[in-house]
Each structure stands twice: as structure tokens, then as C-alpha cells.
Amino acid sequence: MGRMTRTPLRTALVASALAVGLSACQSPSPEPDASPGAAVSSMSTAYGKTSGAVYVTGAKAGDDPCARVVSAIGYLGLSLLPAGQEDAQHWDGDVRGRFGYLRGTLAMYGPHLPASASAAVTTIDGLAETLSRAGTAGSRRTDLLRRYRKASAAVLTACGRS
């Protein structure tokens, strides 16, 4: 009987990670757009269709857009300190990740919100993109969070919530 060569688990994991990384590097990356409102407008054309990409676990194209976005705003709010305490906000991976989750929700449902929410959706998307990054300077975060609160309140109002 022939002798089988055993590959240690660590080597197999490293090889798998390299293969995944290399395949990701070979995927074409989208061209960045310099205009701040372009993100939402490109999302609305690319993902505004019912057969578009799914960015939120368990989401369906037919879900109520207001319910989904209001839920994502509320989910993020669970990790934020109350208004007026923005200077003391802790910016860990949980908070940054929830801003990312909100961006995914907006990508799917933002184009289907009431028209009166359009400007606020654009604002939230840009702010959430910046606030979700670990490298965003703490000195910028306080003002960005205050601006986010105003824009999210406008979305809640457009959806008939407060």
C-alpha cells in the first residue's frame, strides 16, 4: 500500500486563503465616482430593480422599504449614545459595522422610499460610508454623527415615523 502525504491543516488553510484572495484580486473593481450623490443614484439604477442584489440577510425585494430602512436606523441607534452625547461616542467595530449594514439596506431599499426622503438617503449613505471606516479621524466623527441624526430623522419623517 502506498504512503499518503498528509498536508497539515495550517498549510491547507493558508492555501485556501491565498486562493480566495487571488480570485478577489482578479475581480474588476468598480470605478470610484468623485461626486457625493453619485453613490445613491448609481445604486438606484443598479439595484432598484426587483431582481437586484441582496445586501441584507433575509431581505426580499417585495419587503416594505420604509419598514426595512426604519429598522436599520433603529438597529444602528441601539449602539449610539443619546443625542447630545456625540463627543463621548465609542467607535468600535460594532458601531462601524452597523453603519455598513445601514448602507446595504439603503442600497436595496433607498430607491423605493418616498421621494421626500431622497436627499436624506444620499446624505446618510455618504456619512455612513465615512463613519463605517476604521480610519476616519475621531475629530470628524462628532460632526458627522450629528449630521447623520438630522438626515435619519428626515427619513423617519418621510416614512411616517418619528
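## How α4 and α5 pack

Let's start with one helix pair in this predicted model. Helix α4 (residues 93-109) packs against helix α5 (residues 118-131) at an angle of about 145°, and the two axes sit 8 Å apart. The crossing of the pair is left-handed.

On the α4 side, the contact is made by Arg96, Phe99, Leu102, Arg103 and Leu106. Facing them from α5 are Val121, Ile124, Asp125, Ala128, Glu129 and Leu131. Sort the residues of this contact by type and you get seven nonpolar and four charged, with no polar ones.

## Phe99 and its aromatic partners

Phe99 turns up again when we look at rings. A search of the whole structure gives three aromatic pairs, and here are two of them, beginning with Tyr75 and Tyr101. That pair is edge-to-face, with 5.3 Å from centre to centre and 65° between the planes. Tyr75 belongs to helix α3 (residues 65-77) and Tyr101 to helix α4, so the pair ties together parts that are 26 residues apart in sequence. Neither ring is hidden away: Tyr75 is partly exposed at 36% relative accessibility, and Tyr101 is partly exposed at 30%.

Now for Phe99 and Tyr148. Their ring centres are 5.2 Å apart and their planes meet at 80°, so this pair is edge-to-face. The pair links distant parts of the chain, as Phe99 is in helix α4 and Tyr148 is in helix α6 (residues 138-158), 49 residues apart. Phe99 is buried, with a relative accessible area of 0%, and Tyr148 is buried too, at 3%. Add Trp91 and you have one aromatic cluster made of Trp91, Phe99 and Tyr148.

## A charge over Tyr75

Back to Tyr75 for a moment. Besides pairing with Tyr101, the Tyr75 ring has Arg98 lying over its face, at 3.9 Å from the ring centre.

## The chain as a whole

Stepping back, what does the secondary structure of the protein chain come to? Six helices and zero strands, so to speak an α-α-α-α-α-α run from the N terminus on.

Of the 162 residues in the protein chain, 31% count as buried; Phe99 and Tyr148 are among the buried ones. As for contacts between residues at least 6 apart in sequence, 70% join residues at least 24 apart. The ring pairs give two examples of wide sequence spacing, with Tyr75 and Tyr101 26 residues apart and Phe99 and Tyr148 49 residues apart.

Note on methods. Residues numbered from 1 in each chain as written. Predicted model: local features only at pLDDT ≥ 70, side-chain atom pairs only at ≥ 80, totals over all residues. Heavy atoms only, no water. Axes fitted to C-alpha atoms, helices over the stretch in contact; angles between N-to-C directions. Helix = DSSP H or I, 4+ residues; strand = E, 2+ residues; numbered from the N terminus. Left-handed = near helix turned anticlockwise from the far one by under 90°. Contact = heavy atoms within 4.5 Å. Nonpolar A, V, L, I, M, F, W, Y, C, P; charged D, E, K, R; others polar. Phe/Tyr/Trp six-rings, centres within 6.5 Å; stacked < 30°, edge-to-face > 60°. Buried < 20%, exposed > 50% of the residue type's maximum accessible area, 1.4 Å probe, protein only. Lys NZ or Arg CZ within 6 Å of the ring centre and 35° of its normal.
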